[in-house]
Amino acid sequence: MEMLLKFECPECGKTFIVEDLEVDGSELSCPHCQEEVPVPECDDDEEE
Ligand SMILES: [Zn+2]
């Protein structure tokens, strides 16, 4: 099941949506300015 995550880029201030499958690790790149955007932790995966 895919989940869409909405982010706001702290660099350019634009928002963008990615599928959670695209989020690999703790950062992703803003499609607008290519800056790395920190990914907030997901609460639905608590395996550690
Ligand atoms: Zn940006």
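## Glutamine 34

Let's start with glutamine 34, which counts as exposed because 10 C-beta neighbours sit inside 10 Å. (A residue is called exposed if 12 or fewer other C-beta atoms lie within 10 Å of its own, buried if 20 or more do, and partly exposed in between; C-beta atoms are placed from the backbone.) You'll find glutamine 34 in the loop between E3 and strand E4 (36-38). Its phi is positive, about 70°, although glutamine 34 is not a glycine.

## What you're looking at

This is a predicted model: local features need pLDDT of at least 70, side-chain atom pairs count only at pLDDT 80 or more, and totals for chains, interfaces and linings use all residues. Residue numbers start from 1 along each chain, following the sequence as it is written.

## The overall layout

The protein has zero helices and four strands. Reading from the N terminus, its elements go β-β-β-β. Helices (H or I, at least four residues) and strands (E, at least two) are DSSP runs, numbered from the N terminus.

How much of the protein is buried? Of its 48 residues, 0% count as buried. As for contacts (two residues with C-beta atoms, placed from the backbone, within 7 Å), take those with a separation of 6 or more: residues 24 or more positions apart account for 13% of them.

## Glycine 25

Now for another loop residue: glycine 25 sits between strand E2 (15-19) and strand E3 (27-29). Glycine 25 is exposed, since it has 6 other C-beta atoms within 10 Å. Its C-alpha atom is 9.5 Å from that of proline 38, and the two residues are 13 residues apart along the chain.
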